[in-house]
Amino acid sequence: MTTPAEVPARPQAVISGGGSGIGLASALRLARDGFDIVIVGRRQEVLRHAADRIREQTAEARVQTVAADLQDPAQVSRAASEIDGPIDVLLNNAGGNVLDRGDGLAGIAENFEGNFRLNVLTAVLLTEELLPRLTRPGGRIISISSIAALRGANGYGAAKAAIHGWMMGLAEQLAPEGITVNSIAPGFVPDTGFWDSRRTPETIASRLAQIPMNRPGTPDEVAGAVAYLAGPEGGWTTGQILQVNGGALLGRG
């Protein structure tokens with residue numbers, strides 16, 4: 001009497017800010033590539049709609065939603081406790097741009113502190129909490145930064161640049177364990193919540209004027225970079241900043 005062969009377990013990817021934009025595009029791509037998906041974000045309704053979309057397009061993938069504000073250490077710990085099993089890919093995508101600087105030094109401090117908490121603390125806290133559960137060898141940590149990290153943009157650019165320095169130190173630390181750590185720095189990708197309320201014809205024209213390819217990027221194109229770093233071909237790439245920007249900022253040696 002024969003017994004059915006065991007179905008291999010699917011690898012698991014955790015994606016913060018996975019309810020929309022680049023995070024959702026990356027979740028869809030990784031689900032199609034064979035991953036089970038955990039999407040983490042602050043808005044449960046957004047996460048629910050995103051999970052429904054992933055399930056509609058990739059029936060084989062298991063999709064879990066976890067609502068949490070990743071700026072809060074207690075909520076990070078609680079969110080991690082709700083995620084079962086080992087983690088093969090961690091995509092730190094949660095973030096945003098705190099635009100209001102207010103007046104004087106107090107306004108500047110609020111802008112820099114707000115951007116640091118939203119873009120850096122969310123990535124650092126979630127990574128530190130999940131690090132013991134990353135697959136060894138073979139785990140992947142990917143953080144979404146921005147072209148602003150490489151050419152400056154007030155508190156937002158400074159916060160995204162901090163992601164790069166943190167990423168490089170972590171890459172060196174984890175390389176002996178077979179875990180890769182990288183960042184992706186997208187350029188102008190207007191079809192995301194990041195550009196809501198700022199997607200004016202004037203803004204689009206000014207951004208396109210800076211791009212040699214004369215078109216914006218798409219969330220799917222950034223998700224393609226995520227898929228490379230998360231996939232088998234990305235296993236020897238670590239400590240790198242992968243620019244995806246249509247030539248708006250060329251590589252630096």
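Start by selecting Asn 92, which is buried, with a relative accessible area of 3%. The model on screen is a predicted one. Asn 92 is found in strand 4. Show what surrounds this residue: beyond its neighbours within four places in sequence, Asn 92 is in contact with Ser 16, Ala 123, Leu 126, Thr 127, Ile 141, Ile 142, Ser 143, Ile 144 and Trp 166. Several of these names come back at the next stops.

**Strand 5 and the strands beside it**

Select residues 140-144, which form strand 5. Is strand 5 mostly covered or mostly open? Strand 5 is mostly covered, since five of its five residues are buried under the 20% cut-off. In a regular strand the side chains alternate between the two faces of the sheet. Turn on the side chains here: Arg 140, Ile 142 and Ile 144 point one way, while Ile 141 and Ser 143 point the other way.

Now add strand 4, residues 89-92. Strand 4 pairs with strand 5 in the parallel sense, over four bridges. To find one of the pairings, look for Leu 90, whose bridge partner in strand 5 is Ile 141. Next add strand 6, residues 180-186, which also pairs with strand 5 in the parallel sense, over five bridges. Here Ile 144 stands opposite Ile 184 of strand 6.

**Helix 4**

Select residues 104-130, which are helix 4. Together with strand 4 and strand 5, helix 4 makes a right-handed β-α-β unit. How far apart are the end C-alpha atoms of helix 4? They are 39 Å apart, which agrees with the 39 Å that 27 residues should span at 1.5 Å a residue. Look along the helix for a bend of about 40° at Leu 121.

An α-helix has 3.6 residues a turn, so residues three or four places apart point the same way. With that in mind, colour the buried residues of helix 4, among them Gly 107, Asn 111, Gly 114, Leu 118, Thr 122, Leu 126 and Leu 130. The elements covering the buried residues of this helix include strand 1 (12-16), helix 3, strand 4, strand 5 and helix 6.

Follow the chain from helix 4 towards strand 5 and stop in the loop between them, at Pro 137. The peptide bond from Arg 136 to Pro 137 is cis, with omega near -5°. Most residues other than glycine have a negative phi, and most peptide bonds are trans.

**Helix 6**

Select residues 154-174 for helix 6. Its end C-alpha atoms are 31 Å apart, in agreement with the 30 Å that its 21 residues should span at 1.5 Å a residue. Buried residues of helix 6 include Tyr 156, Lys 160, Ile 163, His 164, Trp 166, Met 167 and Leu 170. They pack against strand 4, helix 4, strand 5, helix 5 (148-151), strand 6 and strand 7 (241-244).

**The nonpolar cores**

Which residues have the most contacts inside the largest nonpolar core? In this core of 29 residues they are Val 14, Val 40, Leu 70, Leu 130, Ile 141, Leu 174 and Val 181. Strand 2 (36-41), helix 3 (73-81), helix 4 and helix 6 each supply at least two residues of the core. The largest share, seven residues, comes from helix 6.

Centre the view on Val 181. Leaving aside neighbours within four places in sequence, Val 181 is in contact with Ile 141, Met 167, Leu 170, Ala 171, Leu 174, Thr 238, Gly 239 and Gln 240. A second, separate core has 28 residues, including Ala 13, Ala 51, Val 189 and Leu 229.

**Stops in loops and at a helix end**

Go to Pro 190, in the loop between strand 6 and helix 7. Pro 190 is buried, at 12% relative accessible area. Beyond four places in sequence, Pro 190 is in contact with Trp 195, Arg 199, Pro 216 and Gly 217.

Then select Asn 214, in the loop between helix 7 (201-208) and helix 8 (219-230). Asn 214 counts as exposed because its relative accessibility is 56%. Its phi is near 60°, a positive value in a residue other than glycine.

Finish at Gln 57, in helix 2 (residues 44-57). Gln 57 is partly exposed, with a relative accessible area of 42%. Not counting residues up to four places away in sequence, Gln 57 touches Leu 28 and Arg 32. For a last distance, pick the C-alpha atoms of Gln 57 and Thr 200, which are separated by 31 Å.

Methods: Residues are numbered from 1 along each chain as its sequence is written. This is a predicted model: local features need pLDDT of at least 70, side-chain atom pairs count only at pLDDT 80 or more; totals for chains, interfaces and linings use all residues. Side-chain values use heavy atoms; hydrogens and water are left out. A nonpolar core is a set of buried Ala, Val, Leu, Ile, Met, Phe, Trp, Tyr and Cys residues joined through side-chain atoms within 4.5 Å. Buried means under 20% relative accessible area, exposed over 50%, partly exposed in between (1.4 Å probe, protein chains only). Contact means heavy atoms within 4.5 Å. The expected span of a helix is 1.5 Å times one less than its number of residues. The bend at a residue is the angle between axes fitted to the seven residues ending there and the seven starting there. Two strands pair if DSSP finds at least two bridges between them. A crossover is right-handed if, with the strands pointing away from the viewer, the path from the first strand over the helix to the second runs clockwise.
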